[in-house]
Amino acid sequence: MKSIAIFCGSNFGNDPIYTEATKELAHCIVKNDLRLVYGGASVGLMGVVADQVLALGGQVVGVLPEKLRDREVGHKNLTELHIVSTMHERKAMMANLSDYFVAIPGGIGTLEEIIEVFTWAQLGLHAKPCGILNINGFYDKLHDLLLSMCQQGFLSDPQYRSLIFDNDPGRLLDTLMRQQVTYHSKWVK
Ligand code: AMP
């Protein structure tokens, strides 16, 4: 069984569309027989995706740093919950456990997580597809920034194009599951 890491907000956002899209994504995860790997919390969209996958009979693995157990309210009913010591351990374990990475709307924690794994792909540290669920145009400005980096010669065109933006959860997962990531990095021979 393959696993997908979902990076998501610890808040719900101001528009119910984010919760609805998260539930739809959970449905697509279960339909595609994927195991969910996420941050282990029960707050915000993190809780929504975990609850919905579990409700649909899917498997959910959480990875939560000890210090965040209270603040992010560790989820009690996961298939597996790993308590780790640091944020770095959390990210490394989530990356190792996952075959695909997707960010849905969230805050700076979500942004940091998806950009970090995207940079790891650039460095050739993994060859796992990365995607963005661009609900409500939430990530349009990130897309524009990456395009600008590409046009200004700071990001290679194949690397830029390897980060898939889509507003449809089912189509996004289809694309990622078909994607062959190759190393585009000048750092990897
Ligand atoms: P946010 O998108 O800010 O609501 O945060 C979503 C999740 O990302 C939460 O579980 C945060 O604990 C987590 N997070 C925040 N900062 C970082 C970081 N530097 N590395 C990894 N996870 C983080």
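This report describes one helix, the largest pocket, the cysteines and a few single residues of a predicted model.

**Helix H4**

Helix H4 covers residues 108-122, which is 15 residues. From its first C-alpha to its last it reaches 21 Å, close to the 21 Å expected at 1.5 Å a residue. Several of its residues are buried, namely Thr110, Glu113, Ile114, Glu116, Val117, Phe118 and Ala121. The cover over these buried residues comes from several parts of the chain. Among the helices, it includes H3 (87-97) and H6 (157-162). Among the strands, it includes E1 (3-7), E5 (100-103), E6 (130-133) and E7 (163-166). Just after H4 comes glycine 124, with a positive phi of about 75°.

**The largest pocket**

Rolling a probe the size of a water molecule over the atoms shows where empty space is left. In this model, the largest pocket holds about 460 Å³ of space. It is lined by 27 residues, and the closest to its centre are Cys8, Gly9, Ser10, Gly109 and Thr110. Helix H2 (44-55), H3 and H4 are the elements that give two or more residues to this lining. Which element gives the most to the lining of the largest pocket? H4 does, with five residues. Thr110 thus appears twice in this account: it is one of the buried residues of H4, and it is among the residues closest to the centre of the pocket. By class, the lining has 11 nonpolar, nine polar and seven charged residues.

**Cysteines**

A disulfide is a covalent bond between the sulfur atoms of two cysteines. The count for this model is zero disulfides. For cysteine 8, the nearest cysteine sulfur is that of cysteine 28, 15 Å away. Cysteine 150 is not bonded either, because its sulfur is 16 Å from the closest cysteine sulfur, in cysteine 130, too far for a bond. Cysteine 8 counts as buried because its relative accessibility is 6%. Cysteine 150 also counts as buried, at 15%.

**Two residues with positive phi**

Most residues other than glycine have a negative phi, and most peptide bonds are trans. Aspartate 33 has a positive phi, near 60°, and valine 73 has one near 50°. Aspartate 33 is in the loop between helix H1 (16-31) and strand E2 (35-38). Valine 73 is in the loop between strand E3 (60-65) and strand E4 (80-84).

**Accessibility of single residues**

The table lists relative accessibility for four residues.

| Residue | Relative accessibility | Class |
|---|---|---|
| Proline 169 | 2% | buried |
| Serine 162 | 13% | buried |
| Valine 73 | 37% | partly exposed |
| Aspartate 33 | 52% | exposed |

Why does aspartate 33 count as exposed? The cut-off for exposed is over 50%, and aspartate 33 is at 52%, so it counts as exposed.

**Serine 162 and proline 169**

Serine 162 is in helix H6. Leaving aside its neighbours within four places in sequence, it is in contact with Phe118, Cys130 and Gln179. Of these, Phe118 is one of the buried residues of H4.

Proline 169 is in helix H7 (residues 169-178). Its contacts, again without neighbours within four places in sequence, are Ala21, Glu24, Leu25, Cys28 and Leu133. Proline 169 and isoleucine 132 are 37 residues apart in sequence, and their C-alpha atoms are 9.4 Å apart in space.

Key. Residues are numbered from 1 along each chain as its sequence is written. This is a predicted model: local features need pLDDT of at least 70, side-chain atom pairs count only at pLDDT 80 or more; totals for chains, interfaces and linings use all residues. Side-chain values use heavy atoms; hydrogens and water are left out. Helices (H or I, at least four residues) and strands (E, at least two) are DSSP runs, numbered from the N terminus. The expected span of a helix is 1.5 Å times one less than its number of residues. Buried means under 20% relative accessible area, exposed over 50%, partly exposed in between (1.4 Å probe, protein chains only). Contact means heavy atoms within 4.5 Å. On a 1 Å grid over the protein atoms alone, a cavity is a set of points where a 1.4 Å probe fits but cannot get out, and a pocket is an open set with protein on both sides within 12 Å along at least five of seven lines; lining residues have an atom within 4 Å of a point. Grid points are joined across faces, edges and corners, and a volume is the space filled by probe spheres set on the points. Ala, Val, Leu, Ile, Met, Phe, Trp, Tyr, Cys and Pro count as nonpolar, Asp, Glu, Lys and Arg as charged, and the others, Gly among them, as polar. A disulfide is a pair of cysteine sulfur atoms within 2.5 Å.
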